[in-house]
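Please read the following account with the sequence and the coordinates side by side. It goes from single residues to the contact between chains and then to one chain as a whole.

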Amino acid sequence: MEESNQIEEILGRFHPERENLLPVLQEIQEKVGYLSREVMESVAHFFHLPPSEVFSIVTFYNQFRRKPPGRHPVHVCLGTACYLLGGSLILDAFSRELQIKKGDTTEDGNFGLESTACFGCCNVAPVVKINSQIYPKMTPGTVEEVLINLRDKDKKG
Amino acid sequence: MPSLIIDGKEIKADPGEKILWVALRSGIYIPHLCATEGAELPFGGCRLCLVEVEIGGRREMIPACAEPVREQMRVYTQTEKIAKMRRTAFELIMSDHHIDCKNCAKRKTCELIRISSSLKWSLRPKKLRSLVRDLPIDDSHPLFSFDPKKCVKCAKCIRVCQRLENSFLDFAYRGFEMVLTTFDHRPLSSLRCESCLECVKVCPTGALFPKESGGTADG
């Protein structure tokens with residue numbers, strides 16, 4: 001499989017010392033998109049660490065995801081300006097509409113949900129970024145609208 | 001042999017020993033939950049063993065389980081400030097604890113009950129809201145179960161399992177979301193656990209408890 005070759009190639013470039021654990025996890029996520037159960041197990045094996053410890057570290061950091069990112073990764077900004085203007089309500093609304101928690105991907109693999117800190121367009125806060133497009137001045141009400149439009153586009157395209 | 005002064009009493013200690021164990025040995029009670037005697041790296045997570053230590057003329061708040069003794073060190077275990085801090089730490093622990101002593105298998109050996117009765121604190125938090133998370137009990141294992149709603153996250157079970165070179169348990173997530181769990185939340189029965197039950201023995205609360213039919217049930 002191509003994916004396991006990629007992982008082997010990455011592991012091959014590192015010594016199995018603890019300080020290399022985070023760089024390895026970061027690089028695998030960058031190449032593969034996420035850290036699956038199997039990946040966490042092979043990383044644990046490589047570093048001679050208990051799998052429970054690798055799982056502990058992967059779940060501790062927000063930057064790691066354990067599921068594929070989804071065709072439309074939804075990034076809700078929780079930077080200071082967006083947060084003050086209700087960014088967390090927008091995140092809640094997406095979570096409710098998509099029925100997934102932050103860091104998860106919908107069953108059909110269409111949507112992923114993440115929070116990030118600042119895209120640099122605080123003047124139109126609160127903002128959401130989906131497929132490199134910025135959605136300005138979001139409200140919980142426009143969340144549904146955004147999702148309907150994306151789903152429609154998918155049907156047509 | 002260094003000697004230190006705890007609450008005005010001069011006490012002899014072994015070099016490198018931590019304040020907590022010296023105090024307990026000489027009959028000075030300091031509440032503690034997560035400390036293990038002889039631990040190379042004290043966890044220092046429960047904050048119940050906070051004491052005040054005189055350092056360069058100033059008093060500093062330090063967990064007694066993590067601080068090694070020094071010659072002529074002055075330690076205070078009973079100040080008003082400490083009582084306040086410990087009480088808050090205890091309330092924080094109890095605020096997400098499912099208090100159900102009547103049905104708890106560990107009620108006879110529960111460290112929380114011991115602490116609350118020796119310091120005359122109520123088990124139920126007074127200043128904080130109770131925020132018990134809705135987490136499922138894992139009772140897949142034939143000999144013991146795990147109830148995350150009673151876990152105080154002292155890491156004692158993690159350490160003991162690690163020492164026995166199994167390391168099935170660890171924390172996952174962080175902050176309020178933190179839970180004790182296995183790799184990928186696998187059920188306890190699916191691990192190659194040899195059922196030594198050491199984790200159940202070190203657990204200070206009813207989080208890890210023996211099943212009534214087997215093991216060392218005493219509840």
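Which residues does B:Glu91 touch, not counting residues up to four places away in sequence? In this predicted model, the residues that B:Glu91 touches under that condition are B:Pro125, B:Lys126, B:Lys127 and B:Leu128. B:Glu91 itself lies in helix α2 of chain B, and one of the residues it touches is also a polar partner, since a polar atom of the B:Glu91 side chain lies 2.9 Å from the backbone nitrogen of B:Lys126. The relative accessibility of B:Glu91 is 4%, which is why this residue counts as buried, the cut-off being under 20%.

Beyond that helix, in the loop between α2 (80-95) and α3 (111-118) of chain B, lies B:His97. B:His97 is also buried, with a relative accessible area of 8%, and its side chain reaches the backbone oxygen of B:Lys150 at 3.4 Å. Leaving aside residues up to four places away in sequence, B:His97 touches B:Lys150 together with B:Leu112, B:Val132, B:Lys149, B:Val152 and B:Thr205.

A further part of chain B to look at is helix α4, residues 156-163, whose buried residues are B:Lys156, B:Cys157, B:Ile158, B:Val160 and B:Cys161. An α-helix has 3.6 residues a turn, so residues three or four places apart point the same way. The buried residues of α4(B) pack against β7, β8, α5 and β9 (208-210) of chain B. This helix is followed by B:Glu165, whose phi is positive, near 60 degrees.

The backbone of chain B has other positions of this kind. Most residues other than glycine have a negative phi, and most peptide bonds are trans. B:Tyr173, however, has a phi near 60 degrees, a positive value in a residue other than glycine, and B:Asp184 likewise has a positive phi, near 55 degrees. B:Tyr173 is placed in the loop between β7 and β8 (179-181) of chain B, whereas B:Asp184 lies in the loop between β8 and α5 (198-202) of that chain. Are these two loop residues buried or partly exposed? With a relative accessible area of 25%, B:Tyr173 is partly exposed, while B:Asp184, at 16% relative accessibility, counts as buried.

B:Tyr173 leads on to the interface between the chains. There, 15 residues of chain B are in contact with 13 residues of chain A. B:Tyr173, B:Arg174 and B:Phe183 supply 49% of the area that chain B buries against chain A, more than any other three residues. Between them, the two chains bury about 1,200 Å², of which 53% is on carbon and sulfur atoms.

Polar and charged groups also take part in this interface. Between chain B and chain A there are 7 residue pairs in polar contact, and the count of salt bridges between these chains is 3. B:Arg186 forms a salt bridge with A:Glu41, in which the closest N and O atoms are 3.2 Å apart. On the side of chain B that touches chain A, the largest share, 3 residues, comes from strand β7 (residues 170-172). The residues of that side of chain B divide into 6 nonpolar, 5 polar and 4 charged.

Across the interface, chain A has 7 helices and 4 strands, which follow one another along the sequence in the pattern α-α-α-α-β-α-α-β-β-β-α. Its C-alpha trace spans about 50 × 35 × 25 Å along the principal axes, and of its 157 residues, 42% count as buried. The domain assignment of chain A gives domain 1 (2-60) and domain 2 (72-156), and the C-alpha centres of these domains lie 29 Å apart. Among the contacts in chain A with a separation of 6 or more, 60% are accounted for by residues 24 or more positions apart.

One last backbone feature of chain A concerns a peptide bond. A:Ala125 and A:Pro126 are joined by a cis peptide bond, with omega at about -5 degrees, and A:Pro126 lies in the loop between β2 (111-116) and β3 (128-130) of chain A.

Note on methods. Residues are numbered from 1 along each chain as its sequence is written. Chains are lettered from A and ligands numbered from 1 in the order in which they are written. This is a predicted model: local features need pLDDT of at least 70, side-chain atom pairs count only at pLDDT 80 or more; totals for chains, interfaces and linings use all residues. Side-chain values use heavy atoms; hydrogens and water are left out. Helices (H or I, at least four residues) and strands (E, at least two) are DSSP runs, numbered from the N terminus. Buried means under 20% relative accessible area, exposed over 50%, partly exposed in between (1.4 Å probe, protein chains only). A polar contact is a pair of N or O atoms within 3.5 Å; within protein, one must be able to donate a hydrogen and the other to accept it, and residues adjacent in sequence count only if both atoms are side-chain atoms. Contact means heavy atoms within 4.5 Å. Buried area is the accessible area (1.4 Å probe) that two parts lose on being put together, summed over both. A salt bridge is a side-chain nitrogen of Lys or Arg within 4 Å of a carboxyl oxygen of Asp or Glu. Ala, Val, Leu, Ile, Met, Phe, Trp, Tyr, Cys and Pro count as nonpolar, Asp, Glu, Lys and Arg as charged, and the others, Gly among them, as polar. Domain bounds come from an automatic or database domain assignment.
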